[in-house]
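Visitor: I would like a close look at a single part of this protein. Please take one helix and explain how it sits among its surroundings.

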Amino acid sequence: MATAKKAPAKKAPAKKAAPAKKVAAKKAAPAKKAAPAKKAAPAKKVAAKKAAPAKKVVAKKAPAKKAPAKKRTPNAAFMKPLTLSPALSAVVGAAALPRTEIVRKLWVYIKAKGLQDKINKRMVNADEKLRAVFGKAQVSMFEMAGLIGKHVK
């Protein structure tokens, strides 16, 4: 008997649309027999497979409707002009500059003098003026901005 029940189940998936509607109608009505409940299980899987792609399409449309990102405004603290120490002003100039400009002018000085290490480009070899600012003969470009902080107010 088990093999006889499997044969009709194989024929049911061949007719996808019609049996699914009938099963949905049977589902709403109270189930009288145990046999229709077993047939409803494969129909549920078919209905679930059809519903899943529809959800994916909705999910893809939602990110496309996002509002455009607002432009970033710079923090006023970065643009505040700072007074320089005599050692730092010998390298970048005597005028009060924001921190971003100080770092930019330091890099112009380093590139112009060829002070960047040839092997490890992240390291800066200090000359006499930079040694007064950094306090070392060689400085990493990451610690350079931190060492500048001691020379600005």
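Guide: This is a predicted model. The protein chain has 8 helices and 2 strands, arranged along the sequence as α-α-α-α-α-α-β-α-β-α. Of the 153 residues in the chain, 20% are buried.

The part to look at is helix 8, which covers residues 141–148. Its buried residues include Met144, Leu147 and Ile148. Viewed down the helix axis, the buried residues of helix 8 lie within an arc of 100°, so they line one face of the helix. The spacing has a general background: an α-helix has 3.6 residues a turn, so residues three or four places apart point the same way. On the other side of helix 8, Phe142 and Gly146 are exposed.

Next comes the cover over that buried face. Among the elements that cover the buried residues of helix 8 are helix 5 (86–92), helix 6 (99–113), helix 7 (128–134) and strand 2 (138–140).

Some of these elements also appear in the largest nonpolar core, which has 21 residues. Within this core, Leu88, Leu130 and Phe134 touch the most other members. Helix 5, helix 6, helix 7 and helix 8 each give two or more residues to the core, and helix 6 gives the most, with 4 residues. In general, nonpolar side chains in soluble globular proteins tend to be buried together.

Leu130 can serve as an example from the core. Leaving aside neighbours within four places in sequence, Leu130 is in contact with Val91, Leu106, Tyr109, Ile110, Leu115, Val124 and Gly135.

Definitions and conventions
Residues are numbered from 1 along each chain as its sequence is written. This is a predicted model: local features need pLDDT of at least 70, side-chain atom pairs count only at pLDDT 80 or more; totals for chains, interfaces and linings use all residues. Side-chain values use heavy atoms; hydrogens and water are left out. Buried means under 20% relative accessible area, exposed over 50%, partly exposed in between (1.4 Å probe, protein chains only). The arc is that of the directions from the helix axis to the C-beta atoms. Contact means heavy atoms within 4.5 Å. A nonpolar core is a set of buried Ala, Val, Leu, Ile, Met, Phe, Trp, Tyr and Cys residues joined through side-chain atoms within 4.5 Å.
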